[in-house]
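User: I am new to this structure and would like to go through it by question and answer. Please reason each point out before you settle on a value or a name.

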Amino acid sequence: IKLVMLRLLNHRNTIILYSILIFFLSSYFIFLNFFNESGYWFDEWCTLLSSDPNVGLKIINERHVGNFEKPHENVPIIYYLVLRFYFTIFGYTAENGRIFSLIFLVLSSITFFSLLLFFIQKKESLFATSIFFSTPLILWMSNETRVDMFVVFFVLLDIVIFFLVLKLNRLDLKILLLITNFITLSIYPLTLSIVGSQILFLITQKYLNKSKINLTLNFVILSIILYFIFNYDYFIERSLNRDYHFAKLYLNFFILYFFNVFFGSVFFGSIFFLIFIFFLISKNKKIMMDQILLFCIISILTTYLMVVISSLFVTPIAAARYIIFIVPIILIFILKSVSDFKYKIFFYLFLFLLASANLITNYDKRHIKKPHTVQALNIIEKYSVNNILALPTSTLYQNYISTVSKIKHYNLFLSFEQINKEKINKFAVLCLYKPRFAGVDETHNFEYCNQNYMGFKDFEEIEIPDYKIRIFKSKK
């Protein structure tokens, strides 16, 4: 029996089977997550409003820097312009915003697979990609209208081009690297740690292997200089922003370095952290001689150092999703190390079981569940109400409600005056009530949720997380 098991584990198609099963499980849970009718957080409302295809670029720019409708965006405008173009083609709905992130999950996975093909076999690259695809934070962010998966894709693409330059040493690829570095930095300035890692890696190669990489090094340095020249105003404004922020640096950061968030929980994060430390120690003499392992270590250390320095002296950035782009780099380090491991067939089995258990346990086990927007609309539907008044009268909130696909089955009103003009006998108030997003004033009494309306009586009142629903009927 032991011999049969060993042959089964060592069969060349076993690792492919692992990959297929993980991809299937991940896709199933993505499907569940997408259709679990979860709503948007406050910053996703901001993303929607900053990407509205129904207004001109002047208003988009005003919204991006912050105006009477919404606060300023921390992320440069490129992401919002690309998302706006996507909305123009496919429709301006909250659901399409989440599909946009799913598209970049798929593109990121393809790029991740392509990168690993430089260093390990195809079947091992496929397995590594399945582990990336199933990582909880990656799955969670692919279900949100945020910049995260967009950034992950461009970072991976940038690294692919970087290693193509090292492999082929062609001038056209070096120019392409300069362009992708510049674009990646302009999309998300925190990727400076990745571009900076390219410089440190090239310097290391220059002195360790006597590599002739002066031109490549100059192109990388030039990409950073060009970024600071063209984004000078944004960089200074962000550097001086020392307002309240939830992403402050706390001592617990130094325990697991966000692995607990990357991999879904303290338990699974600790296991992946221990695997990472095990290979870091066991391969300490080989890392300097292995290009991808060395680049990964430099990138990870540089990114964590950036988090500490920026949070202490510039602006707080100590949040796991702010550096989500190092998740695939951590996984590349682990999976490349496993591919060279003596007992790798057992390690692949262990990682398969670990990833499967993690998926089943944490696919939607977020610290805070997302708002139940569609569930609120379903409650209203049970009362056979077709008219909805969305409160408060905020462009940001009411714009979000208007983009939820299910709202097309209702008549949406933005003020009671509109309802009075229509001579309606029954309506529901969908009221934002004690929302759980960061920065909410705890002293707020939400008076707009408790007001009465002349000529109508309060028939029913229901509270769910983030919302209060009130049903009104005419007194006549």
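Analyst: A residue is called buried when its relative accessible area is under 20%, and exposed when that area is over 50%, with partly exposed in between. The model discussed here is predicted.

User: Are R63 and D52, whose side chains meet in a salt bridge, buried or exposed?
Analyst: The side chains of R63 and D52 meet in a salt bridge, with 3.6 Å from N to O. This pair links distant parts of the chain, since R63 belongs to helix α4 (residues 57–65) while D52 sits in the loop between α3 (42–50) and α4, eleven residues apart. As for their cover, both R63 and D52 are buried.

User: Which residue forms a salt bridge with K70, and how far apart are the closest N and O atoms?
Analyst: K70 counts as buried because its relative accessibility is 3%, and E73 counts as buried at 10% relative accessibility. These two residues form a salt bridge with each other. The partner of K70 is therefore E73, and the closest N and O atoms are 3.0 Å apart.

User: Does D458 count as buried, partly exposed or exposed, and what is its relative accessibility?
Analyst: R470 and D458 form a salt bridge whose closest N and O atoms are 2.8 Å apart. R470 lies in strand β5 (residues 467–474) and D458 in strand β4 (residues 456–464), so the pair ties together parts that are twelve residues apart in sequence. R470 counts as buried at 4% relative accessibility, whereas D458 counts as partly exposed, at 34%.

User: Which residues are joined into one network by salt bridges that share partners?
Analyst: The structure holds 18 salt bridges. Where such bridges share partners, they join residues into one network, and its members are D43, E44, E144, R146, D148, R321 and K370.

User: How far apart are the end C-alpha atoms of helix α9?
Analyst: Helix α9 covers residues 148–168, and 16 of its 21 residues are buried, so α9 is largely enclosed by the rest of the structure. After α9 comes N169, whose phi is positive, near 55°. At 1.5 Å a residue, the 21 residues of α9 should span 30 Å, and this agrees with the distance between its end C-alpha atoms, which is 30 Å.

User: Which helix gives the most to the nonpolar patch on the surface?
Analyst: The patch is formed by L171, I175, L176, I179, I183 and L215, which together have about 470 Å² of accessible area. One of these residues, I179, is found in helix α10, and at 40% relative accessibility I179 counts as partly exposed. With five residues, the helix that gives the most to the patch is α10 (residues 171–187).

User: Which cysteines form a disulfide, and how far apart are their sulfur atoms?
Analyst: The count comes to one disulfide, and the link has -70° about the S-S bond, which makes it left-handed. The pair links distant parts of the chain, with one cysteine in strand β3 (residues 426–432) and the other in the loop between β3 and β4, 18 residues apart. Both cysteines are buried. They are C431 and C449, with sulfur atoms 1.7 Å apart.

User: How far from C46 is the nearest cysteine sulfur?
Analyst: C46 is buried, with a relative accessible area of 5%. A disulfide needs sulfur atoms within 2.5 Å, and C46 is in no disulfide. The nearest cysteine sulfur belongs to C431, and its distance from C46 is 19 Å.

User: Which residue in β2 stands opposite N387?
Analyst: Both faces of strand β1 (residues 387–391) are covered, with N387, L389 and L391 buried on one side and I388 and A390 buried on the other. Three bridges join β1 to strand β2 (residues 411–413), and the two strands run parallel. In this pairing, the residue opposite N387 is N411.

User: Which residues of helix α21 are buried?
Analyst: Helix α21 (residues 395–403) is mostly covered, as seven of its nine residues are buried. Those buried residues are L396, Y397, Q398, N399, Y400, I401 and T403.

Terms used:
Residues numbered from 1 in each chain as written. Predicted model: local features only at pLDDT ≥ 70, side-chain atom pairs only at ≥ 80, totals over all residues. Heavy atoms only, no water. Helix = DSSP H or I, 4+ residues; strand = E, 2+ residues; numbered from the N terminus. Expected span 1.5 Å × (residues − 1). Buried < 20%, exposed > 50% of the residue type's maximum accessible area, 1.4 Å probe, protein only. Salt bridge = Lys/Arg side-chain N within 4 Å of Asp/Glu carboxyl O. Patch = residues over 30% accessible without salt bridge, like charges linked within 9 Å, V, L, I, M, F, W, Y side chains within 5 Å. Areas by Shrake-Rupley, 256 points an atom, 1.4 Å probe, with all protein chains shown as cover. Pairing = 2+ DSSP bridges.
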